[in-house]
Amino acid sequence: GSWEFGQFDVDTAHSFVNCDVSKIETHHPKMRESFLKLGHDIHVSLTRIIRAAGAGPILREAAYLGDRVMLESVLEKCQSPWFNMNSPRLRGPLGETALHVAASAGNVEIL
């Protein structure tokens with residue numbers, strides 16, 4: 001995904017999309033304790049933000065491969081009222097969206 005920290009590959013993106021901040025691990029027990037005190041709503045919000053940050057490369061890969069299962073899995077994991085498939089954050093390095101990639105690969109069934 002193209003975002004503040006640059007580009008990353010599909011494998012890294014899968015790590016983002018599959019994250020769950022409520023299950024975070026650290027070598028610093030006090031830090032984990034402090035984090036857990038933030039509460040469920042904060043954990044859910046942070047998880048959604050991180051997952052959305054990784055969605056772009058996976059959505060484009062799914063569109064290129066015509067992989068509807070992968071596409072639907074990412075959309076399900078990133079589901080929230082503010083998730084926008086047309087967000088500039090989900091575009092590739094040339095500004096391409098999953099729709100552009102699917103069309104260029106001839107995967108019209110995924111559209």
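This report walks through a predicted model of a single chain, from its overall build down to a handful of residues.

## The overall build

Let's start with the big picture. Five helices make up the regular structure here, and there are zero strands. If you follow the sequence from start to end, the pattern reads α-α-α-α-α. Put a box around the C-alpha atoms, lined up with the principal axes, and the box comes out at roughly 50 × 25 × 20 Å.

How much of the chain is buried? Of its 111 residues, 32% are. The accessible surface adds up to about 7200 Å², and carbon and sulfur atoms account for 57% of that. As for how the sequence folds back on itself, take the contacts between residues at least 6 apart in sequence: 69% of these join residues at least 24 apart.

## Charges and salt bridges

The chain carries 11 positive and 13 negative side chains. Work out the centre of each set, and the two centres sit 7 Å apart. Side chains of opposite charge can pair when their charged atoms come close. In this model, the count of salt bridges comes to two.

One of them links Lys23 with Asp20, with 3.9 Å between the closest N and O atoms. Lys23 counts as exposed because its relative accessibility is 60%, over the 50% cut-off. Asp20, on the other hand, is partly exposed, at 29% relative accessibility.

The other pairing brings together the side chains of Lys37 and Glu33, again with an N to O distance of 3.9 Å. Lys37 has 66% relative accessibility, so it counts as exposed. Glu33 is partly exposed, with a relative accessible area of 47%.

## Arg51, a buried charge

Now for a residue worth a look in the viewer. Arg51 is found in helix 3, which covers residues 40–65. Arg51 is buried, yet it has no salt bridge. Which side chain of opposite charge is nearest to Arg51? That is Asp20, 5.2 Å away. A salt bridge needs the nitrogen and oxygen within 4 Å. Asp20 does have a salt bridge of its own, with Lys23.

What does the side chain of Arg51 have beside it? One of its polar atoms lies 3.1 Å from the backbone oxygen of Val17. Setting aside residues within four places in sequence, Arg51 is in contact with Phe16, Val17, Asn18, Cys19 and Asp20, along with Lys77 and Cys78.

## Ile50, next door in helix 3

Ile50 also lies in helix 3. Is Ile50 buried or partly exposed? Its relative accessible area is 29%, so it counts as partly exposed. Leaving out residues up to four places away in sequence, Ile50 touches Phe16, Cys19 and Val21. Phe16 and Cys19 are also among the contacts of Arg51.

For a sense of distance, try Ile50 and Lys30. They are 20 residues apart along the chain, and their C-alpha atoms are separated by 23 Å.

## Gly66 and Met70, on past helix 3

Keep going along the chain and you reach Gly66, in the loop between helix 3 and helix 4. Gly66 is partly exposed, with a relative accessible area of 24%. Where are its contacts, once neighbours within four places are left aside? They are Asn107, Glu109 and Ile110. Ser22 is 44 residues from Gly66 along the chain, and the C-alpha atoms of the two are separated by 32 Å.

Met70 lies in helix 4, which runs over residues 68–77. With a relative accessibility of 18%, Met70 falls under the 20% cut-off and therefore counts as buried. Beyond its neighbours within four places in sequence, Met70 is in contact with Ile58, Glu61, Ala62 and Leu65. Take Ile58 from that list: Met70 and Ile58 are twelve residues apart in sequence, and their C-alpha atoms are 7.7 Å apart in space.

Notes
Residues are numbered from 1 along each chain as its sequence is written. This is a predicted model: local features need pLDDT of at least 70, side-chain atom pairs count only at pLDDT 80 or more; totals for chains, interfaces and linings use all residues. Side-chain values use heavy atoms; hydrogens and water are left out. Helices (H or I, at least four residues) and strands (E, at least two) are DSSP runs, numbered from the N terminus. Buried means under 20% relative accessible area, exposed over 50%, partly exposed in between (1.4 Å probe, protein chains only). Contact means heavy atoms within 4.5 Å. Accessible areas come from the Shrake-Rupley method with a 1.4 Å probe; for residues, only the protein chains shown count as cover. Lys and Arg count as positive and Asp and Glu as negative; His and the chain ends are not counted. The place of a charge is taken as NZ of Lys, CZ of Arg, CG of Asp or CD of Glu. A polar contact is a pair of N or O atoms within 3.5 Å; within protein, one must be able to donate a hydrogen and the other to accept it, and residues adjacent in sequence count only if both atoms are side-chain atoms.
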